[in-house]
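Here is a short briefing to read alongside the model. Keep the structure open in your viewer and follow each topic as it comes up.

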Amino acid sequence: MSYVQPTDFVTKMIDAGEAKVFMSTRDTLIRAFMAGAILALAAAFAVTINVQTGQPLAGAILFPVGFCLLYLMGFDLLTGVFTLVPLALIDKRPGVTIGGVLRNWGLVFAGNFAGALVVAVMMAIIFTFGFTVEPNEVGQKIGHIGEGRTLGYAAHGAAGMLTLFIRGVLCNWMVSTGVVAAMMSTSVSGKVIGMWMPIMLFFYMGFEHSIVNMFLFPSGLMLGGQFSIMDYFIWNEIPTVLGNLVGGLTFVGLTLYSTHARTGSKRTAKIDRMADVAGAPAE
């Protein structure tokens with residue numbers, strides 16, 4: 001599997017976060033657009049499998065194909081940049097500012113949403129023969145998902161909002177673990193295996209992923225789901241984004257950084273040790 005040690009892949013995490021801060025607007029939007037589109041197709045694929053087989057586990061097992069493809073092609077999801085980009089700021093990389101971090105997050109959100117929305121329109125056309133007939137079985141299922149995961153939370157009030165937020169936290173704990181797991185290996189097979197496991201877990205458990213929802217809910221509205229755009233944003237997207245931010249940064253980015261990063265006193269101590277070895281007389 002060509003395993004990479006934690007101290008080394010944490011350095012890769014910080015380097016990746018720094019690179020994303022300084023990436024051009026054009027490249028950031030293109031990469032985010034493609035990531036949102038590919039993940040949306042994977043979500044449509046998984047829902048189709050669930051409907052046709054009646055086995056949710058089958059959809060969960062195969063859904064990670066989309067995540068693996070977009071990662072290997074170097075595209076960016078909001079959930080990933082939530083975890084990686086702040087590390088460059090925390091590590092005090094030159095030129096990295098709070099404004100740069102927020103700029104990256106905003107551009108990736110916009111790109112992901114645009115990509116997912118384009119696929120949502122395309123799939124709605126397929127499910128309804130260009131909006132000329134009622135949605136097929138898969139389209140109806142997507143509409144019902146939108147209702148259950150907006151109005152279903154709203155029916156429980158504050159408890160529903162808390163549940164939604166926690167599902168967002170747990171989701172990006174797993175998704176960002178998948179992002180980091182890909183850095184644990186230098187081989188394609190190792191990266192895919194590392195990514196597959198946590199992504200499968202989050203999808204099967206029904207955790208809330210902000211980019212997957214950028215596909216499910218707009219398409220659900222187009223396919224007859226009985227909920228509104230405001231229901232979608234207030235009772236899903238906004239709390240999910242916040243939960244994803246907390247989950248990825250707290251349980252993945254900061255935990256790994258705090259214990260494995262070669263920064264500050266750790267880096268100085270390492271340099272001092274190397275200098276001592278280099279200056280020691282030969283025996």
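A residue counts as buried when its relative accessible area is under 20%, as exposed when the value is over 50%, and as partly exposed in between. Ala159 has a relative accessible area of 46%, so Ala159 is partly exposed. Please bear in mind that this is a predicted model. The points below take in two pockets, the transmembrane annotation, the cysteines, a loop and a few single residues.

**The largest pocket**

- The largest pocket has a volume of about 320 Å³.
- Its lining is made up of 18 residues, and those closest to the centre are Asn50, Ile145, Arg149, Phe203 and Gly206.
- Five helices give two or more residues each to this lining: H2 (25-53), H3 (56-62), H7 (137-148), H10 (188-204) and H11 (210-222).
- By class, the lining of the largest pocket holds 12 nonpolar, 4 polar and 2 charged residues.

**The second largest pocket**

- For the second largest pocket, the volume comes to about 220 Å³.
- This pocket is lined by 18 residues, with Lys20, Tyr71, Phe75, Asp76 and Val179 closest to its centre.
- At least two lining residues come from each of helix H1 (6-21), helix H4 (64-72), helix H5 (78-90) and helix H9 (158-182).
- Which helix gives the most to the lining of the second largest pocket? That is H5, with 4 residues.
- The lining of the second largest pocket divides into 12 nonpolar, 3 polar and 3 charged residues.

**Transmembrane annotation**

- An unreviewed UniProt entry places the feature "transmembrane region" at residues 29-49, 61-85, 105-132, 153-175 and 241-259.
- In the model, residues 105-132 are 86% helix and 0% strand, and the C-alpha atoms at the two ends of this span are 38 Å apart.
- Residues 153-175 are 87% helix and 0% strand, with 22 Å between the end C-alpha atoms.

**Cysteines**

- How many disulfides does a search of the whole structure find? The search finds 0.
- As a reminder, a disulfide is a covalent bond between the sulfur atoms of two cysteines.
- For Cys68, the closest cysteine sulfur is in Cys171 at 15 Å, which is too far for a bond.
- Seen from the other side, the closest cysteine sulfur to that of Cys171 is in Cys68, again at 15 Å and too far for a bond.
- Cys68 has a relative accessible area of 5%, so Cys68 is buried.
- Cys171 is buried as well, because its relative accessible area is 0%.

**The loop between H5 and H6**

- Asp91 sits in the loop between H5 and helix H6 (98-128).
- Is Asp91 buried or exposed? Asp91 is buried, because its relative accessible area of 10% falls under the 20% cut-off.
- The side chain of Asp91 makes a polar contact of 2.9 Å with the side chain of Arg93.
- Lys92 also lies in the loop between H5 and H6.
- With a relative accessible area of 72%, Lys92 is exposed.
- Lys92 has a positive phi of about 60°, although Lys92 is not a glycine.

**The loop between H6 and H7**

- Phe131 is located in the loop between H6 and H7.
- Its phi is near 65°, a positive value in a residue other than glycine.
- Phe131 counts as partly exposed, because its relative accessibility is 44%.

**Two alanines and their distances**

- Ala19 belongs to helix H1.
- Ala19 is partly exposed, because its relative accessible area is 45%.
- The C-alpha atoms of Ala19 and Ala88 are separated by 8.9 Å, while the two residues are 69 residues apart along the chain.
- Ala159, met at the start, is part of helix H9.
- Between the C-alpha atoms of Ala159 and Ile61 there are 30 Å, and these residues are 98 residues apart along the chain.

Key: Residues numbered from 1 in each chain as written. Predicted model: local features only at pLDDT ≥ 70, side-chain atom pairs only at ≥ 80, totals over all residues. Heavy atoms only, no water. 1 Å grid on protein atoms, 1.4 Å probe; cavity = no way out; pocket = protein on both sides within 12 Å on 5 of 7 lines; lining within 4 Å. Points joined across faces, edges and corners; volume = space filled by probe spheres on them. Nonpolar A, V, L, I, M, F, W, Y, C, P; charged D, E, K, R; others polar. UniProt positions renumbered as here; feature names shortened; annotations may be inferred. Buried < 20%, exposed > 50% of the residue type's maximum accessible area, 1.4 Å probe, protein only. Polar contact = N/O pair within 3.5 Å; in protein donor to acceptor, adjacent residues only side chain to side chain. Disulfide = S-S within 2.5 Å.
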